[in-house]
Amino acid sequence: MAVETPDYEVLRHEGSFELRRYSGYLKANVRVTASDYGRAMRAGFGPLADFIFGNNHVSDRISMTAPVTAGRACCQKIAMTAPVTARHSEDEYVVSFTMPSGYSLENLPQPNNTAVSIESVNAHLAAVVRFGGRFSGTKAAQAQAQLESWIEEQGLGAVGEAVVAQYDPPWKPGFARRNEIMILVEQA
């Protein structure tokens, strides 16, 4: 069974790097305090899973999608809350689930948990690098540095902070896992 992901068009592809044009979509967000991306993902997953499993105003189950993303809260915009960035012992992160494409702001069930917010994301460009294996902060930092260099080489300008995206359930073997670092960009 395939899991839905946000719709995008690949504009450039070079090895593990891509420049993508994403269509607009909705996502559910929760802010968490954590010392790194991995801990943020674990802390944010529960409230978001609770929302899509039926803890919403109409008790509807919402299909799981991919990826689950986390970014530092200082730098991502979220409806009625905020975004993502950090380097201290503990920072605020925003962890997000993309909502299935059949929903709009008008028909998406609203979360009962006030910590969960819904955000409409406009169409945008993102530079992305894919890396496999079990997620680690070291792998993510290395991938982010490589992506930032690629963005510069491509003549693009970063307009957002890095976001970690994980596509697979925890039981999937490490060698088969898909992880990405995404940075919003604009043509220079």
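**Exercise on the cores**

Task: Of the 40 residues in the largest nonpolar core, which touch the most other members?

Solution: Start with the rule. A nonpolar core is a set of buried Ala, Val, Leu, Ile, Met, Phe, Trp, Tyr and Cys residues joined through side-chain atoms within 4.5 Å. Here buried means under 20% relative accessible area, exposed means over 50%, and partly exposed is in between (1.4 Å probe, protein chains only). Phe51, Val95, Met99, Leu147, Ile181 and Val185 have the most such partners in the 40-residue core. Next, look at where the members come from: helix α1 (residues 37-52) gives the largest share, 7 residues. Helices (H or I, at least four residues) and strands (E, at least two) are DSSP runs, numbered from the N terminus. Finally, a second, separate core has 9 residues, among them Tyr25, Ala66, Ala126 and Val128. As background, nonpolar side chains tend to be buried together in soluble globular proteins.

Keep two notes in mind as you work. This is a predicted model, where local features need pLDDT of at least 70 and side-chain atom pairs count only at pLDDT 80 or more, while totals for chains, interfaces and linings use all residues. Residues are numbered from 1 along each chain as its sequence is written, and side-chain values use heavy atoms, with hydrogens and water left out.

**Exercise on the whole chain**

Task: How many helices and strands are in the protein chain, and in what pattern do they follow along the sequence?

Solution: Count the elements: the protein chain has 2 helices and 10 strands. Then read along the sequence to get the pattern β-β-β-α-β-β-β-β-α-β-β-β. Now turn to burial: 48% of the 188 residues count as buried. For contacts (heavy atoms within 4.5 Å), take those with a separation of 6 or more; residues 24 or more positions apart account for 69% of them.

**Exercise on Val129**

Task: Is Val129 buried or exposed, and which residues does Val129 touch?

Solution: First place Val129 in strand β7 (residues 124-132). Its relative accessible area is 2%, so Val129 is buried. Leaving out residues up to four places away in sequence, Val129 touches Ser16, Phe17, Ala143, Leu147, Asn179, Glu180 and Ile181. Two of these, Leu147 and Ile181, you have already met in the largest core.

**Exercise on the aromatic rings**

Task: How are the rings of Tyr8 and Tyr22 arranged, and why is the pair called tilted?

Solution: Rings of Phe, Tyr and Trp (its six-membered ring) pair if their centres lie within 6.5 Å; planes under 30 degrees apart count as stacked, over 60 as edge-to-face and the rest as tilted. This rule gives 5 aromatic pairs. For Tyr8 and Tyr22, the centres are 5.1 Å apart and the planes stand at 45 degrees, so the pair is tilted. The pair links distant parts of the chain, with Tyr8 in strand β1 (residues 8-14) and Tyr22 in strand β2 (residues 17-22), 14 residues apart. Tyr25 joins Tyr8 and Tyr22 in one aromatic cluster.

Now compare burial: Tyr8 is partly exposed at 27% relative accessible area, whereas Tyr22 counts as buried at 3%. Tyr8 has another neighbour too: the charged end of Arg20 sits over the Tyr8 ring, 4.2 Å from its centre. For that label, NZ of Lys or CZ of Arg must be within 6 Å of the ring centre and within 35 degrees of the ring normal. Arg178 does likewise over the ring of Tyr167, 3.7 Å from its centre.

**Exercise on strand pairing**

Task: Which strands pair with strand β3 (residues 25-34)?

Solution: Two strands pair if DSSP finds at least two bridges between them. Strand β3 is joined to strand β6 (residues 116-121) by 6 bridges, antiparallel, and Ala28 has Ile118 as its bridge partner there. β3 also pairs with strand β5 (residues 91-98), again antiparallel, over 8 bridges; the partner of Arg31 in β5 is Val94. Of the 10 residues of β3, 8 are buried, so the strand is largely enclosed by the rest of the structure.

Back at the ring pair, β1 and β2 run antiparallel with 6 bridges, and Tyr8 is bridged to Tyr22. Their hairpin has 2 residues between the strands, and Gly15 takes a positive phi near 60 degrees.
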